[in-house]
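Trainee: I am new to this structure and would like to understand the words people use for it. Could we go through them one at a time?

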Amino acid sequence: MRLAALLAPGSEGSRLHLETNDGYVSVDELAAASGVTQLRGLADVSALFSRGDEAVAALSALDPLEVAPVAGPVGFAPPVRRPSKIICVGLNYAAHVEESRTSRPERILLFSKYPSCLVGHEGTIELPAATRELDYEGELAVVIGRRAKGVQAEDALGFVGGFTIINDVTARDLQEAEPQWVRGKALDTFAPLGPVVVDTASAPPIRDMHIRTLVNGELRQDASCALMITPVPELIAYISAGITLEPGDIIATGTPAGVAFGMEHPVYLAEGDTVAVEIAGVGTLVSHIATARAQR
Ligand code: MG
């Protein structure tokens with residue numbers, strides 16, 4: 001299944017939809033048409049995963065062709081609206097370690113973003129006045145499907161609900177100047193997510209996933225997810241050893257080489273730029289850069 005949270009017209013709210021070859025089908029309408037009450041009222045993917053494996057199985061058993069797809073243009077919310085955690089992995093590809101002119105960390109490097117960082121597909125990354133070095137990091141995002149605590153690596157993929165794409169947007173000057181990365185990594189709009197979550201039954205194996213990031217159509221990042229230094233099962237084991245992962249929580253698995261910071265003469269993101277992060281079999285996440293608006 002390919003799961004999207006589409007914005008409800010005229011509101012900040014969203015409703016869960018299934019992406020089909022013909023468009024996006026409302027899960028509410030599908031649930032009503034089929035009489036499956038446990039699938040009613042789902043705003044996003046974490047709401048589905050929070051209802052448990054039975055709800056996921058019930059949805060995947062339905063035929064989306066029973067309902068007409070949404071007519072007209074759709075607006076994308078992040079497929080998970082308010083995850084309890086967004087945990088990010090730093091320096092998880094050797095070529096990115098090298099371009100960052102640093103050495104491979106002795107331990108897995110983790111940092112956090114906040115739900116206030118999230119924006120959906122075709123959303124705006126706000127270029128804040130606080131930075132002159134706005135950078136992109138295309139990454140595979142793991143979406144947790146079942147509560148995970150103390151999980152062993154060999155069991156870890158069983159706790160994954162699906163996969164999506166995240167852009168780990170970074171203010172490089174703030175990241176470099178400040179010992180903690182809160183401002184460098186977690187300003188508003190610094191985590192575009194989506195467009196859809198592909199559930200584990202439909203997703204290709206991680207080793208077959210491939211990340212490409214394009215800025216204004218120019219290829220900047222191009223690497224296989226098989227090159228992660230610490231693979232996803234070990235990341236989940238490491239994190240869940242001390243932190244309970246809840247359905248809908250996000251793990252950003254690190255970026256490959258090709259960020260602006262790694263260039264000899266970095267070309268950072270500027271107003272009007274468009275960033276696209278693609279993972280074949282998962283989707284393409286597009287974001288637009290605009291100067292942050294004044295406080296309202
Ligand atoms: Mg990153």
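Trainee: Why is Asp 168 called buried?

Mentor: Buried means under 20% relative accessible area, exposed means over 50%, and partly exposed lies in between, using a 1.4 Å probe and protein chains only. Asp 168 has 1% relative accessibility, so the residue counts as buried. Please keep in mind that this is a predicted model, where local features need pLDDT of at least 70, side-chain atom pairs count only at pLDDT 80 or more, and totals for chains, interfaces and linings use all residues. Residues are numbered from 1 along each chain as its sequence is written, and side-chain values use heavy atoms, with hydrogens and water left out.

Trainee: What makes Lys 113 and Asp 168 a salt bridge?

Mentor: A salt bridge is a side-chain nitrogen of Lys or Arg within 4 Å of a carboxyl oxygen of Asp or Glu. The closest N and O atoms of Lys 113 and Asp 168 are 2.8 Å apart, and the pair fits that rule. Lys 113 sits in strand S5 and Asp 168 in the loop between S10 and S11, 55 residues apart, which links distant parts of the chain. Strands here are DSSP runs of E with at least two residues, helices are runs of H or I with at least four, and both are numbered from the N terminus. Lys 113 is buried, because its relative accessible area is 3%.

Trainee: Which other lysine meets Asp 168?

Mentor: Lys 185 does, in a salt bridge of 2.9 Å, N to O. Lys 185 belongs to helix H6 (residues 182-185), 17 residues from Asp 168.

Trainee: How do you know that Glu 178 is partly exposed?

Mentor: Its relative accessible area is 21%, so Glu 178 falls in the range between buried and exposed. Its salt bridge partner is Arg 183, at 2.5 Å from N to O, and Arg 183 is also partly exposed, at 39% relative accessibility.

Trainee: What makes Glu 137, Glu 139 and Asp 168 donors of the magnesium ion?

Mentor: Donors are N, O and S atoms within 2.8 Å of the metal (3.2 Å for Na, K and Ca); water is not among the atoms, so sites may look incomplete. The OE atoms of Glu 137 and Glu 139 and the OD of Asp 168 lie 2.0 Å from the ion, and they qualify. Glu 137 lies in the loop between S8 and S9, and Asp 168 in the loop between S10 and S11, so the pair ties together parts that are 31 residues apart in sequence. At 4% relative accessibility, Glu 137 is buried.
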